[in-house]
Amino acid sequence: MRKSLKQKLFMFMSLAFIVSILVACGNSNDASGNNNGNGGGNGDVTIEIVAKGFQHDFWRAVKLGAEEAAEDLGAKINFVGPKDEQAIAEQVEMLNNAINKNPSAVALAALDTEASLDAISQATNAEIPIIGFDSGVPDAPEGAIAANAATDNYEAGALAAENMYPGIEDKLTGEDIVRIGVVAQEVNSLSITERTVGFIDKLVELIEDNDAIGDGNVAVAGHDKLKNDVKADDAKVIIETRVPATINDAAGQTEAQTLLEKDDLIAIYGSNEFAAKSIINADDALSGNVIGKDGVIAVGFDSGAMQIDAIKNERFYGSVTQDPVQIGYQTVELAIKAANGEEVEDVDTGAVWYNAENIEDEDVQPLLYE
């Protein structure tokens, strides 16, 4: 895709070169502009990118993709984010500062859309296009967001369930109640909630299709926002969700460990890098012998050094990774198009299942970040 983009930009590059020659004939000063040598036509495009933070390796990988696109396409970017994904006021201040610079476009992964409404309105009034990325800007005013570059998180969560199911199918006998744990970092972020709900919905569907279980025999318990109407006492399978009160390693580990200490647990899922780390840390605290190919089936989401190591050593059955580099790249590409007045539409940046068998494959390796 990048080659074709460069081919499309070749005419602009040629035109820019001709113009620079003509200007140079009448002016001894450098008139080449500041296009970083690439992309022609986009050298004056400035994009302010406001992420959710830098707490996770994921955001650093998004930043790399954005920088790569800026280099390829000749735009200028400024990538910022608050200290963590709870620092709403800090992100809103960053967004206000970004808009006050009057950039060509703004890209935003909002921590709290309501808190950002004044800034969004200011950008709209100034005719600065906004591109959503990752979880985007959920429930933003109609027309405020030009397009989104993001993973279809609901389908990505379903992909995790589809790949977990073969690992637990033989334990679904209907004779004994079994439990599947879900660790979610939070239930406010749209992206994390969608991949949590996508996982749960698909797993309930797969388990209920099993003749040994049947319809209406899977209870989703735990967090009120995620549970269903089936009572745990009446179920053959319980999917229990745990959400830490605060987003820190100790709180995440506590929730994961609560699940791992239950004797009827057969599988556990962590819906982002933080949740997967929480499961690994909890297992380490329990002497590292609960999860694994001969124990509780563990499935994660995203990557990161700990999760990659767990998969290579078969402590984790597998994980789903987004393509954070493409999220960053496509965000910048959409922002450039919107800044130039082109029509844009949402882009699904994709997700892939990886495990010990395919983790070294050339089409998987670029999607993993540490």
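**Close-up views of side-chain contacts and the largest pocket**

**View 1. Arg-195 is placed over the ring of Phe-301.** In this predicted model, Arg-195 lies over the face of Phe-301, at a distance of 4.1 Å from the ring centre.

**View 2. Trp-59 and Phe-133 form an edge-to-face aromatic pair.** Four aromatic pairs are counted in the predicted model. In the pair formed by Trp-59 and Phe-133, the ring centres are 6.2 Å apart and the planes stand at 80 degrees, so the arrangement is classed as edge-to-face, given that planes over 60 degrees apart fall in that class. Because Trp-59 belongs to helix H2 (residues 57-73) and Phe-133 to strand S4 (residues 130-133), the pair ties together parts that are 74 residues apart in sequence. Trp-59 is buried, with a relative accessible area of 2%, and Phe-133 is likewise buried, with a relative accessible area of 1%. Phe-58 also enters the picture, as ring pairs link Phe-58, Trp-59 and Phe-133 into a cluster.

**View 3. The largest pocket holds about 450 Å³ of space.** Twenty-four residues line this pocket, and those closest to its centre are Leu-111, Glu-186, Asn-188, Ser-189 and Leu-190. Sorted by class, the lining of the largest pocket is made up of ten nonpolar, eight polar and six charged residues.

**View 4. Asp-264 and Arg-179 are joined by a salt bridge.** The whole structure contains 17 salt bridges, and in the one between Asp-264 and Arg-179 the closest N and O atoms are 3.0 Å apart. This salt bridge links distant parts of the chain, since Asp-264 sits in the loop between helix H7 (249-260) and strand S9 (265-270), whereas Arg-179 sits in strand S6 (residues 178-183), 85 residues apart. Asp-264 is partly exposed, with a relative accessible area of 23%, while Arg-179 is buried, with a relative accessible area of 14%.

**View 5. Glu-205 and Lys-202 form a salt bridge within helix H6.** The closest N and O atoms of Glu-205 and Lys-202 are 3.4 Å apart. Both residues lie in helix H6 (residues 190-208), where they are three residues apart, about one turn of the helix. Glu-205 counts as partly exposed, at 38% relative accessibility, whereas Lys-202 counts as buried, at 17% relative accessibility; the value for Lys-202 places this residue in the buried class because that class takes in relative accessible areas under 20%.

**View 6. Arg-242 and Glu-255 meet in a salt bridge that belongs to a network.** The side chains of Arg-242 and Glu-255 come together with an N to O distance of 2.9 Å. Arg-242 is in strand S8 (residues 237-242) and Glu-255 is in helix H7, 13 residues apart, and the pair is one that links distant parts of the chain. Arg-242 is partly exposed, with a relative accessible area of 23%, while Glu-255, at 15% relative accessibility, counts as buried. Through salt bridges that share partners, Arg-179, Glu-240, Arg-242, Glu-255, Lys-262 and Asp-264 are joined into one network, and this network therefore includes both Asp-264 and Arg-179, the partners shown in View 4.

Definitions and conventions. Residues are numbered from 1 along each chain as its sequence is written. This is a predicted model: local features need pLDDT of at least 70, side-chain atom pairs count only at pLDDT 80 or more; totals for chains, interfaces and linings use all residues. Side-chain values use heavy atoms; hydrogens and water are left out. Rings of Phe, Tyr and Trp (its six-membered ring) pair if their centres lie within 6.5 Å; planes under 30 degrees apart count as stacked, over 60 as edge-to-face and the rest as tilted. Helices (H or I, at least four residues) and strands (E, at least two) are DSSP runs, numbered from the N terminus. Buried means under 20% relative accessible area, exposed over 50%, partly exposed in between (1.4 Å probe, protein chains only). A charge sits over a ring if NZ of Lys or CZ of Arg is within 6 Å of the ring centre and within 35 degrees of the ring normal. On a 1 Å grid over the protein atoms alone, a cavity is a set of points where a 1.4 Å probe fits but cannot get out, and a pocket is an open set with protein on both sides within 12 Å along at least five of seven lines; lining residues have an atom within 4 Å of a point. Grid points are joined across faces, edges and corners, and a volume is the space filled by probe spheres set on the points. Ala, Val, Leu, Ile, Met, Phe, Trp, Tyr, Cys and Pro count as nonpolar, Asp, Glu, Lys and Arg as charged, and the others, Gly among them, as polar.
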